[in-house]
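Work through the exercises below with the structure open. Try each task before reading its solution.

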Amino acid sequence: MKGRLFDRIALVTGGASGFGAGIADCFVREGAKVMIADINEPAGRHKAEALQHAGHSASFVQTDVSKADSVRQAVAACVDSFGRLDTMVANAGIGQRPCPIAELDESELTRQFDTNVKGVVFCCKEAVAQFRERGGGNIVITASGIALTPRPRLLAYAAAKGAVVAFAKGLALELADEGIRVNALCPAVGDTPMIAEFMGGAVNEAGKAQFREALPMGRLITPRDVGEAAVFMASDIESGAITGSAFPVDAGRCV
Ligand SMILES: NC(=O)c1ccc[n+]([C@@H]2O[C@H](COP(=O)([O-])OP(=O)(O)OC[C@H]3O[C@@H](n4cnc5c(N)ncnc54)[C@H](O)[C@@H]3O)[C@@H](O)[C@H]2O)c1
């Protein structure tokens with residue numbers, strides 16, 4: 001049986017690790033061909049090779065989403081390798097170490113906005129240019145639950161993810177009559193390497209347990225949780241009428 005994303009060409013930023021790797025796994029399972037675009041070359045290459053060894057179509061391009069030229073080259077590499085681009089998954093991002101506003105400096109704001117906001121905008125801009133050539137496509141953005149219900153001490157990250165959700169909604173309306181859908185996923189805290197940042201730099205089991213307890217369902221969000229939601233948002237059959245959503249994948253956190 002053909003998968004729900006059969007023959008779909010998808011570029012997944014941040015696909016070397018965490019949620020992005022989970023998205024790549026779910027996409028290839030559903031028949032998509034995936035270009036992993038990540039700043040981390042060894043991890044990205046390793047992920048693409050693992051997918052290839054499992055019999056899937058996958059490739060890797062080193063990409064820094066905070067640089068417009070790099071994103072342009074990544075999309076060109078995807079089109080060179082697979083012939084086109086159907087789905088952009090703008091997932092790459094960075095976390096923030098918690099701190100009060102008095103300790104929040106400009107360099108952290110710049111870092112957050114360069115990767116978490118400009119990175120998403122650059123990816124969407126390049127994707128839209130491709131989609132217009134072929135008459136459609138869709139975009140899935142990994143935002144965060146923090147954009148829907150902000151928490152203290154992660155203000156730069158919250159501001160960046162809030163900006164991403166506003167951007168996704170505006171872009172969805174701008175493209176609504178062109179057959180291009182744009183949706184943002186809003187995960188709660190995940191069981192990924194990024195959790196170390198949210199714990200101040202190092203993972204510890206007590207901290208993880210606290211995060212778990214703060215979620216109504218008592219569990220962290222997994223790469224597969226986000227991957228399955230991304231498949232749904234990328235599938236024109238299942239979510240063909242959905243655009244401009246900020247979709248919680250959050251074990252109840254944002255209710
Ligand atoms: N983990 C969480 O608790 C959580 C919660 C909500 C939302 N998110 C969001 O989910 C997305 C994925 O995070 P994750 O938890 O999988 O983290 P992760 O650290 O496991 O993976 C992030 C990936 O992005 C890549 N990356 C970072 N900067 C990049 C850049 N400039 N260009 C290209 N690639 C870059 C990294 O190399 C890494 O492979 C991020 O946007 C993050 O903000 C994470």
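**Exercise 1. The ligand shell**

Task: Find which residues come nearest to the ligand, and describe the shell around the ligand by class and by helix.

Solution. Start with the nearest residues. The shell holds 30 residues, and Gly14, Gly18, Gly93, Gly190 and Thr192 come nearest to the ligand. Bear in mind that this is a predicted model.

Next, sort the shell by class. It divides into 16 polar, 12 nonpolar and 2 charged residues. Glycine counts as polar in this scheme.

Then look at the helices. Helix H1 (18-29) and helix H4 (106-134) each supply at least two residues of the shell. The largest share, 3 residues, comes from H1.

**Exercise 2. H1 against H8**

Task: Classify the packing of H1 and helix H8 (residues 223-234) from the angle between them, and list the residues that make the contact.

Solution. Take the geometry to begin with. The axes of H1 and H8 are 7 Å apart, and the two helices pack at an angle of about 50 degrees. H1 is therefore oblique to H8. Roughly parallel would need an angle under 35 degrees, and roughly perpendicular one of 65 to 115.

Now the handedness. H1 and H8 make a right-handed crossing.

Then read off the contact. H1 brings Gly18, Phe19, Ala21, Gly22, Ile23, Asp25, Cys26 and Phe27. H8 brings Pro223, Arg224, Val226, Gly227, Glu228, Ala230 and Val231. By class, the contact of H1 with H8 has 9 nonpolar, 3 polar and 3 charged residues. Gly18 of H1 takes part in this contact, and Gly18 is also among the residues that come nearest to the ligand.

**Exercise 3. H4 against H5**

Task: Repeat the analysis for H4 and helix H5 (residues 155-175), then place Val117 in the picture.

Solution. The axes of H4 and H5 come within 9 Å and cross at roughly 15 degrees. An angle under 35 degrees counts as roughly parallel, so H4 is roughly parallel to H5. The crossing is right-handed.

List the contact. From H4 come Glu108, Leu109, Gln112, Phe113, Asn116, Val117, Val120, Val121, Cys124 and Val128. From H5 come Ala156, Tyr157, Ala160, Lys161, Ala163, Val164, Phe167, Leu171 and Leu175. The contact of H4 with H5 divides into 15 nonpolar, 2 polar and 2 charged residues.

Now zoom in on Val117. This residue lies in helix H4. Leaving aside residues up to four places away in sequence, Val117 touches Ala160, Ala163 and Val164. Val117 and Ala163 are 46 residues apart in sequence, yet their C-alpha atoms are 6.8 Å apart in space. Val117 is buried, because 20 other C-beta atoms lie within 10 Å.

**Exercise 4. Two positive phi values**

Task: For Asp7 and Arg153, give phi, the location, and whether each is buried, exposed or partly exposed.

Solution. Begin with Asp7. Its phi is near 65 degrees, a positive value in a residue other than glycine. Asp7 lies in the segment before strand S1 (9-13). Asp7 has 12 other C-beta atoms within 10 Å, so it is exposed. The cut-off for exposed is 12 or fewer.

Move to Arg153. Phi of Arg153 is near 75 degrees, again positive in a residue other than glycine. Arg153 sits in the loop between strand S5 (137-142) and H5. With 15 other C-beta atoms within 10 Å, Arg153 is partly exposed.

Conventions:
Residues are numbered from 1 along each chain as its sequence is written. This is a predicted model: local features need pLDDT of at least 70, side-chain atom pairs count only at pLDDT 80 or more; totals for chains, interfaces and linings use all residues. A residue is near a molecule or strand if its C-beta atom, placed from the backbone, lies within 6 Å of it. Helices (H or I, at least four residues) and strands (E, at least two) are DSSP runs, numbered from the N terminus. Axes are lines fitted to C-alpha atoms, for helices over the stretch in contact, and angles run from 0 to 180 degrees between N-to-C directions. Angles under 35 degrees count as roughly parallel, over 145 as roughly antiparallel, 65 to 115 as roughly perpendicular and the rest as oblique. A crossing is left-handed if the near helix is turned anticlockwise from the far one by less than a right angle, and right-handed if clockwise. Two residues are in contact if their C-beta atoms, placed from the backbone, lie within 7 Å.
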